[in-house]
Amino acid sequence: MVRRVPACLSASTTSVSGSGSVTASSASAQAAVNFAMAQIGKPYKYGASGPDGYDCSGLVMAAYASAGVSIPRTSEAQQSGLTSVSLSDLQVGDLVFFYGGSHVGMYIGNGQVVHAPTEGDVVKISDMNSMGPTGAARVAG
């Protein structure tokens, strides 16, 4: 089930329907989560980083750029260029990698990520365990 979240999210917390509010550990992570959540429903577009569509890494790059933080463009470069964290230590705003690093989403709490899945789909919230996470990274800033 896809949970739709209104684009008018507050600056300090992000409300995820059915799971209450989640708060990131830093202002930049919170701003990135708010941005990513506001993109829900926009189409997946290969190689796109907004504003009309996104691929997975373009979404998280644009989200952090909206918070004034520069991260690499591709999911592989994001995974290798950012600080690795354990999946058991995830914080809201962390990046979660799937399929050996070829896909990325942003952790929003409660085992969920916001991500741009694939052609023909839209930016949405998914259970991260349904995709078999293979790694995670934290964005400094």
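**Close-up views of the predicted model**

**View 1. The two faces of strand β6.** Gln112 and Val114 point one way from β6, whereas Val113 and His115 point the other way, and all are buried (buried means under 20% relative accessible area, exposed over 50% and partly exposed in between, with a 1.4 Å probe and protein chains only). The model is predicted, with local features requiring pLDDT of at least 70 and side-chain atom pairs counted only at pLDDT 80 or more, while totals for chains, interfaces and linings use all residues. Residues are numbered from 1 along each chain as its sequence is written, and side-chain values use heavy atoms, with hydrogens and water left out. Helices (H or I, at least four residues) and strands (E, at least two) are DSSP runs numbered from the N terminus.

**View 2. Strand β6 between β5 and β7.** On one side, β6 is joined to β5 by 3 bridges, and these two strands run antiparallel; two strands are taken to pair if DSSP finds at least two bridges between them. Within this pairing, methionine 106 has valine 114 of β6 as its bridge partner. The hairpin of β5 and β6 has 2 residues between the strands, and asparagine 110 takes a positive phi near 55° there. Strand β7 (residues 124-127) is also antiparallel to β6, to which 4 bridges join it. In this second pairing, valine 113 stands opposite serine 126 of β7, and the bridge partner of valine 114 in β7 is isoleucine 125.

**View 3. The open sheet and the helices against it.** The sheet is open and consists of 6 strands in the order β3-β8-β4-β5-β6-β7, with antiparallel pairing. Its edge strands are β3 (83-84) and β7, each of which pairs on one side only. Helix α1 packs on the sheet, where it touches β5, β6 and β7, and its direction makes about 110° with that of β5. Helix α2, for its part, lies across β4, β5 and β6 and runs at about 50° to β5. For these angles, axes are lines fitted to C-alpha atoms, for helices over the stretch in contact, and the values run from 0 to 180 degrees between N-to-C directions.

**View 4. Helix α2 and its covered residues.** Helix α2 (residues 56-66) is mostly covered, with 8 of its 11 residues buried, namely Cys56, Ser57, Gly58, Leu59, Val60, Ala62, Ala63 and Tyr64. These buried residues pack against α1 (27-38), α3 (75-81), β4 (95-98), β5 (103-109) and β6 (112-115), where contact means heavy atoms within 4.5 Å. Just after the helix, glycine 68 takes a positive phi of about 85°.

**View 5. The surroundings of serine 57.** Serine 57 belongs to helix α2 and counts as buried because its relative accessibility is 5%. When its neighbours within four places in sequence are left aside, serine 57 is in contact with Arg73, Thr74, Ser75, Gln78 and Val104.

**View 6. Aromatic pairs.** A search of the whole structure finds 2 aromatic pairs; rings of Phe, Tyr and Trp (its six-membered ring) pair if their centres lie within 6.5 Å, with planes under 30 degrees apart counted as stacked, over 60 as edge-to-face and the rest as tilted. Phenylalanine 35 and tyrosine 54 form an edge-to-face pair, at 6.5 Å centre to centre and with 90° between the planes. This pair links distant parts of the chain, since phenylalanine 35 lies in helix α1 and tyrosine 54 in the loop between α1 and α2, 19 residues apart. Phenylalanine 35, at 23% relative accessibility, counts as partly exposed, whereas tyrosine 54, at 2%, counts as buried. Phenylalanine 98 and tyrosine 99 form a tilted pair, with 6.4 Å centre to centre and 50° between the planes. Phenylalanine 98 counts as buried, because its relative accessibility is 0%.

**View 7. The whole chain as context for the close-ups.** The protein has 3 helices and 8 strands, which from the N terminus on run β-β-α-α-α-β-β-β-β-β-β. Of its 141 residues, 49% count as buried, and among contacts between residues at least 6 apart in sequence, 53% join residues at least 24 apart. The mean pLDDT, the predictor's confidence in each residue from 0 to 100, is 88 for the protein, and 84% of the residues reach 70 or more. Over residues 1-15 the pLDDT is below 50, although this stretch has 44 contacts in the model beyond near neighbours in sequence.
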